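Work through the exercises below with the model open beside you. Try each task before you read its solution.

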Amino acid sequence: MNEFPDGGSLMAGPAAQPGDPALESAARWPEPAWSAWAGTAVRLGLAVVWGWAGLAKTADPAEAAQAVRAYEILPEGLVKPIGYGLPFLELALALLLVIGLGVRLVAGVCALLLLTFITGIASAWARGISIDCGCFGGGGHVDASQTEYLQEILRDTGFLLLAGWLLWRPRTRLSADGWLAS
């Protein structure tokens with residue numbers, strides 16, 4: 001059960017039950033021993049990203065709300081709640097990823113949030129709105145020559161792939177999920 005061939009223990013998520021889709025997936029895609037360590041690196045890398053983004057925005061929540069407003073997508077009544085609340089959601093995701101609690105669920109929320117960001121950036125680009133995404137603080141309208149839509153979309157797509165890895169392989173070492181499963 002939760003042991004690696006090298007004698008180490010698996011710090012994994014909850015044990016799968018017979019008939020569980022995770023168990024069937026594991027039978028089709030056997031998990032190599034290095035996978036749990038790779039997942040740990042991915043989990044902690046995403047935690048740094050969310051922590052950095054959240055901390056940068058909490059320093060000036062009004063600026064974060066301005067960045068949300070610049071996308072010209074949401075009604076004004078939602079701009080402040082999202083602009084002020086998003087940094088705390090990002091910090092919560094970072095904290096959960098650091099401790100490794102609910103990794104698959106957290107990865108799903110990360111993926112959903114990243115898809116939302118990618119869609120928002122692509123929408124602004126397609127509508128000809130010149131903004132800085134505000135992903136790591138700042139944000140708002142900028143000169144057309146200062147936009148970096150392609151780089152921002154590629155960066156967020158990379159983060160989305162990391163979240164996808166954790167959705168596929170949520171078992172990681174040094175995680176609360178593994179501790180709770182043992």
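## Exercises on rings, core and hollows

Trp 125 is partly exposed, with a relative accessible area of 43%; partly exposed is the range between buried (under 20% relative accessible area) and exposed (over 50%), found with a 1.4 Å probe on protein chains only. This is a predicted model, so local features need pLDDT of at least 70 and side-chain atom pairs count only at pLDDT 80 or more, while totals for chains, interfaces and linings use all residues. Residues are numbered from 1 along each chain as its sequence is written, and side-chain values use heavy atoms, with hydrogens and water left out.

**Exercise 1. Describe the fold of the protein chain.**

Step 1. Count the elements. The protein chain has seven helices and two strands. Helices (H or I, at least four residues) and strands (E, at least two) are DSSP runs, numbered from the N terminus.

Step 2. Put them in order. From the N terminus the elements run α-α-α-α-α-β-β-α-α.

Step 3. Check burial. Of the 182 residues in the protein chain, 38% are buried.

**Exercise 2. Classify the aromatic pair of Trp 50 and Phe 117, and locate both rings.**

Step 1. Recall the rule. Rings of Phe, Tyr and Trp (its six-membered ring) pair if their centres lie within 6.5 Å; planes under 30 degrees apart are stacked, over 60 edge-to-face, and the rest tilted. The structure holds five aromatic pairs.

Step 2. Apply the rule. Trp 50 and Phe 117 are 6.3 Å apart centre to centre, with 55° between the planes, and the pair is tilted.

Step 3. Locate the rings. Trp 50 lies in helix 2 (residues 35–58) and Phe 117 in helix 5 (residues 103–127), so the pair ties together parts that are 67 residues apart in sequence.

Step 4. Look up burial. Trp 50 is buried at 3% relative accessible area. Phe 117 is also buried, at 17%.

**Exercise 3. Do the same for Trp 125 and Tyr 149.**

Step 1. Classify. This pair is stacked, at 5.7 Å centre to centre and 25° between the planes.

Step 2. Locate. Trp 125 is in helix 5 and Tyr 149 in helix 6 (residues 149–168), 24 residues apart.

Step 3. Look up burial. Tyr 149 is buried, with a relative accessible area of 6%. Trp 125 is partly exposed at 43%.

**Exercise 4. Which residues of the largest nonpolar core touch the most other members?**

Step 1. Define the core. It is a set of buried Ala, Val, Leu, Ile, Met, Phe, Trp, Tyr and Cys residues joined through side-chain atoms within 4.5 Å.

Step 2. Name the residues. The core has 20 residues, and Leu 46, Trp 50, Leu 97, Cys 110 and Leu 166 touch the most other members.

Step 3. Find the sources. Helix 2, helix 4, helix 5 and helix 6 each give two or more residues to this core. Helix 5 gives the most, with eight residues.

Step 4. Add the background. In soluble globular proteins, nonpolar side chains tend to be buried together.

**Exercise 5. Describe the largest cavity and its lining.**

Step 1. Define it. On a 1 Å grid over the protein atoms alone, a cavity is a set of points where a 1.4 Å probe fits but cannot get out; lining residues have an atom within 4 Å of a point. A volume is the space filled by probe spheres set on the points, which are joined across faces, edges and corners.

Step 2. State the volume. The largest cavity has about 70 Å³.

Step 3. Read the lining. Among the lining residues are Trp 50, Glu 90, Phe 117, Arg 155 and Asp 156. Helix 2, helix 5 and helix 6 each give two or more residues.

Step 4. Sort the lining. It divides into eight nonpolar, no polar and three charged residues. Ala, Val, Leu, Ile, Met, Phe, Trp, Tyr, Cys and Pro count as nonpolar, Asp, Glu, Lys and Arg as charged, and the others, Gly among them, as polar.

**Exercise 6. Where are Glu 72 and Leu 174, and what are their phi values?**

Step 1. Take Glu 72. Its phi is positive, about 55°, although Glu 72 is not a glycine. Glu 72 is in the loop between helix 3 and helix 4. It is partly exposed, at 47% relative accessibility.

Step 2. Take Leu 174. Its phi is also positive, near 55°. Leu 174 is in the loop between helix 6 and helix 7 (176–181). It is exposed, with a relative accessible area of 57%.

Definitions and conventions. 1 Å grid on protein atoms, 1.4 Å probe; cavity = no way out; pocket = protein on both sides within 12 Å on 5 of 7 lines; lining within 4 Å.
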